[in-house]
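Thanks for coming. I will go through one model, beginning with the backbone, then the aromatic rings, one helix and the surface.

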Amino acid sequence: MKIIKKIMLVLLLIFIVAQFFGPEKNEGNIDTVNAFIAETNPPEKVLDILKTSCFDCHSAKTSYPWYNNITPVNYWLADHVKDGKKHLDFSKWNTYSLKKKEHKMDELYEEVEKGEMPLNSYTWTHSEANLTQEQINAIVTWGKKVQADYKQQMTAE
């Protein structure tokens, strides 16, 4: 029984010390999405959805929940955000080529339409990010329009 207590004490100490360390936070400026917003011109309803369900993981600014201060949760969240930005980063929209923008819009509305975005792991703790069918339809309609605009621009080049 003494060995179990010692192991538990060591694990507790490791857990406490780990709280003093954490990954870099994604605390850039949310205004970096303005180029994306200006270029794609989402309707107010769609913009609200993007703010609530997308920008935390796909932009330079994440609004962290209280439990992000707990290690190892903060590492999991940091990895989640890093992976999200790897696939789509609204803050870097103005650096994407026209072809990449067209492709990203296609992926955006398809992922939402298939129910793969936002991720379940995000909506478990952010219930406001759950999308209704009406919201999904709004994203898809807007996304298809923006994608078509990009395709038209590509053919004009």
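A definition before anything else: helices here are DSSP runs of H or I with at least four residues, numbered from the N terminus. This is a predicted model, so please hear every value that follows as computed from predicted coordinates.

Backbone first. With that numbering, Pro118 lies in the loop between α6 and α7. The peptide bond that leads into Pro118 from Met117 is cis, with omega near -10°. There is also a cis bond from Thr71 to Pro72, where omega is near 20°. Pro72 is in the loop between α4 and α5. One more backbone angle to check is at Asn41, which is not a glycine but has a positive phi, near 45°. Asn41 lies in the loop between α2 and α3. Its relative accessible area is 60%, so Asn41 is exposed.

Now the rings. Two rings of Phe, Tyr or Trp pair if their centres lie within 6.5 Å, and planes over 60 degrees apart make the pair edge-to-face. By this rule there are six aromatic pairs. Take Phe55 and Phe90: their ring centres are 5.2 Å apart and their planes meet at 70°, so this pair is edge-to-face. Phe55 belongs to helix α4, residues 55-58, while Phe90 sits in the loop between α5 and α6, so the pair links distant parts of the chain, 35 residues apart. Are these two buried or exposed? Phe55 is buried at 4% relative accessible area, and Phe90 is buried at 1%.

A second pair is Trp93 with Tyr150, which is tilted, at 6.3 Å centre to centre and 45° between the planes. Trp93 is in the loop between α5 and α6 and Tyr150 is in helix α8, residues 133-156, so this pair ties together parts 57 residues apart in sequence. Trp93 has 1% relative accessibility and counts as buried; Tyr150 has 3% and is buried too. These four residues also belong to a cluster linked by ring pairs, made of Phe36, Phe55, Phe90, Trp93, Tyr96, Trp142 and Tyr150.

Next, helix α3, residues 44-53. Which of its residues are buried? They are Val46, Leu47, Ile49, Leu50 and Ser53. Why do they count as being on the same side of α3? Because they cover an arc of only 160° around the axis. The general background is that an α-helix has 3.6 residues a turn, so residues three or four places apart point the same way. The cover over the buried residues of α3 includes α2, α4, α7 and α8.

Last, the surface. A nonpolar patch of about 1100 Å² is made by Leu9, Leu12, Leu13, Phe15, Ile16, Phe20, Phe21, Trp66, Ile70 and Tyr75. Helix α1, residues 2-18, gives the most to this patch, with five residues. Leu13 is in helix α1 and is partly exposed, at 47% relative accessibility. Tyr75 is in helix α5 and is partly exposed as well, with a relative accessible area of 39%. For a sense of scale, the C-alpha atoms of Leu13 and Lys144 are 53 Å apart in space, with their positions 131 residues apart in sequence.

That is all I have; questions are welcome.

How values were computed
Residues are numbered from 1 along each chain as its sequence is written. This is a predicted model: local features need pLDDT of at least 70, side-chain atom pairs count only at pLDDT 80 or more; totals for chains, interfaces and linings use all residues. Side-chain values use heavy atoms; hydrogens and water are left out. Rings of Phe, Tyr and Trp (its six-membered ring) pair if their centres lie within 6.5 Å; planes under 30 degrees apart count as stacked, over 60 as edge-to-face and the rest as tilted. Helices (H or I, at least four residues) and strands (E, at least two) are DSSP runs, numbered from the N terminus. Buried means under 20% relative accessible area, exposed over 50%, partly exposed in between (1.4 Å probe, protein chains only). Patches are made of residues with over 30% relative accessible area and no salt bridge: like charges are joined within 9 Å, nonpolar side chains (Val, Leu, Ile, Met, Phe, Trp, Tyr) within 5 Å. Accessible areas come from the Shrake-Rupley method with a 1.4 Å probe; for residues, only the protein chains shown count as cover. A salt bridge is a side-chain nitrogen of Lys or Arg within 4 Å of a carboxyl oxygen of Asp or Glu. The arc is that of the directions from the helix axis to the C-beta atoms. Contact means heavy atoms within 4.5 Å.
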